[in-house]
Amino acid sequence: MATIVNTMIQGLSEQMVQARLNSADARPFLFGTHFPVNKVNGFVWKTLTNQLEKRNVAADLHTDNGTIVRKRRPLFESAKGDIPFISISREMSRSEIKDYQTALAFAQNEDAAKLVQYWGGDVDFCFTGVQSELEYIAWALASNAGKLSFTTTNNATFANEFDLDYDVDASTQKKNTSTDWGTSASADIIGDLATVIKGAKGNGLNPKFAFVNLETFYKICSAEQIIKACASYLANAVGIAQTPDLAAVNAMLAKQAWLNGIQLIVIDQDITREFKDGTQTSGNPFATDRLILSENRILGSTQYDILQERNDAIIRVERAHTVIKKYGTVEPTAEITIGQTDAIPVFDTAYRNIYLKTDGQAWS
């Protein structure tokens, strides 16, 4: 094992790394909006909400001297497990350190802006890597009805002890459409949504939002039924209706009877995964031909805890759930940057959502 020493970047301080971490852009990631970050104690995650409680249970009329009827307490559905350790690292090799030292020799001071590229990029890379994994877990889990397995195809270090399965009710929550929404001429998107929403309301649910990925949204807005429903009477009459955008589709859906004012939320995301052999693959973690009907924009929480560590040779900084470390090694000579977190997106609304396959095929 390599011997850990202080950073090889001359003049680099904890304050400089902290400032770089604080400036890293988290806006491209959507999990923080729909799975807000929440610190817990004990490195154990769990759903906190009473998922199955029926809303708006009415009181009854009673006589002055009568006994008040006791209402049933709903069963408390909860899932929990250990919070996994997520990490990513990058190494600056000996030759790259030589390049840095050459640049430093020509710089007027150690804080020169052009020197930041030699260490700042690795901080950004590791911060982004941590957020990317949380983004992947959030949307892969949600779009697959609360089930996610970690294999060699979606995790470089195979760790199936963290497989997730919320065991949602297949009969009441996992549905499929009567038509394939990918077939433009015959897709009955409005009818399928009306049927599913009616069933959901019969089970005490009140869905207001529909989550889909970008490819599924393309299928929705390309369907002849949707194009006609979004177009004006004049456009339909002369046959010049155009493919609508998200705002037009949502405006149309809001006016449809039986759709409960449903609004689409499109998950447009691209996550790249690098495997042990250096190959990479990219894609949207939200599965295609899936739609999540939810009562809320917030689907859960990203729960985390922080392991307290101390090593005088290591620069260590924090930003919410993310920890960045920087240090040098002498054999081989290298500069190491690590991004890590003990965190996981928790699917708090798992038992109050409807999961719809939009290709007409049943869930397997």
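**Figure 1. Gln101 in helix 3 of the predicted model.** With a relative accessibility of 47%, Gln101 counts as partly exposed, because this class lies between the buried limit of under 20% and the exposed limit of over 50%. The model shown here and in the other views is predicted. Gln101 belongs to helix 3, which covers residues 94–106. Its C-alpha atom is separated by 8.3 Å from that of Ile9, although Gln101 and Ile9 are 92 residues apart along the chain.

**Figure 2. The protein chain as the setting for the close-up views.** The protein chain contains 10 helices and 18 strands. It has 364 residues, of which 44% count as buried. How many of the contacts between residues at least 6 apart in sequence join residues at least 24 apart? For the protein chain, the share is 76%.

**Figure 3. An open sheet of 5 strands.** The strands of this sheet follow the order 8-18-13-9-10, and their pairing is mixed. Which strands form the edges? Strand 8 (174–176) and strand 10 (263–267) do, as each of them pairs on one side only. On average, and with direction ignored, neighbouring strands of the sheet are turned by 25° against each other.

**Figure 4. Strand pairs within the sheet.** At one edge, strand 8 runs parallel to strand 18, and 3 bridges join the two. In this pair, Lys174 stands opposite Tyr355 of strand 18. Strand 18 also pairs with strand 13, here in the antiparallel sense and over 4 bridges. Leu291 has Leu356 of strand 18 opposite to it. Strand 9, made of residues 209–213, is parallel to strand 10 and is joined to it by 5 bridges. Phe209 is placed opposite Gln263 in strand 10.

**Figure 5. Side chains of strand 18 and the packing of helix 4.** In a regular strand, side chains alternate between the two faces of the sheet. In strand 18, Ile354 and Leu356 point one way, whereas Tyr355 and Lys357 point the other way. Are these four residues buried or exposed? Ile354, Tyr355, Leu356 and Lys357 are all buried. Helix 4 packs on the sheet and touches strand 9, strand 10, strand 13 (290–294) and strand 18 (354–357). The direction of helix 4 makes about 90° with that of strand 13.

**Figure 6. The largest pocket.** The volume of the largest pocket is about 990 Å³. Its lining consists of 30 residues, and those closest to the centre of the pocket are Ser87, Ile88, Gly129, Glu133 and Arg273. Strand 5 (85–92), helix 4 (117–143) and strand 11 (271–274) are the elements that give two or more residues to this lining. Which element gives the most? Helix 4 does, with 7 residues. Sorted by class, the lining of the largest pocket comprises 15 nonpolar, 10 polar and 5 charged residues.

**Figure 7. The second largest pocket.** This pocket has a volume of about 280 Å³. It is lined by 13 residues, and Arg310, Asn311, Ile314, Ile315 and Arg316 are the closest to its centre. Strand 15 (315–319) and strand 16 (322–330) each contribute at least two residues to the lining. What classes of residue make up this lining? There are 7 charged residues, 3 polar residues and 3 nonpolar residues.

**Figure 8. A cis peptide bond at Pro332.** The peptide bond that leads from Glu331 to Pro332 is cis, and its omega is near 5°. Pro332 lies in the loop that connects strand 16 and strand 17 (333–346).

**Figure 9. Positive phi values at Phe43 and Trp258.** Phe43 is a residue other than glycine, yet its phi is positive, near 60°. It is found in the loop between strand 2 (37–39) and strand 3 (44–46). Phe43 is partly exposed, because its relative accessible area of 28% falls between the limits of 20% and 50%. Trp258 likewise is not a glycine and has a positive phi, of about 75°. Its place is the loop between helix 10 (246–255) and strand 10. Why does Trp258 count as exposed? Trp258 counts as exposed because its relative accessibility is 73%, and a value over 50% defines this class.

Notes. Residues numbered from 1 in each chain as written. Predicted model: local features only at pLDDT ≥ 70, side-chain atom pairs only at ≥ 80, totals over all residues. Heavy atoms only, no water. 1 Å grid on protein atoms, 1.4 Å probe; cavity = no way out; pocket = protein on both sides within 12 Å on 5 of 7 lines; lining within 4 Å. Points joined across faces, edges and corners; volume = space filled by probe spheres on them. Nonpolar A, V, L, I, M, F, W, Y, C, P; charged D, E, K, R; others polar. Pairing = 2+ DSSP bridges. Axes fitted to C-alpha atoms, helices over the stretch in contact; angles between N-to-C directions. Contact = heavy atoms within 4.5 Å. Buried < 20%, exposed > 50% of the residue type's maximum accessible area, 1.4 Å probe, protein only.
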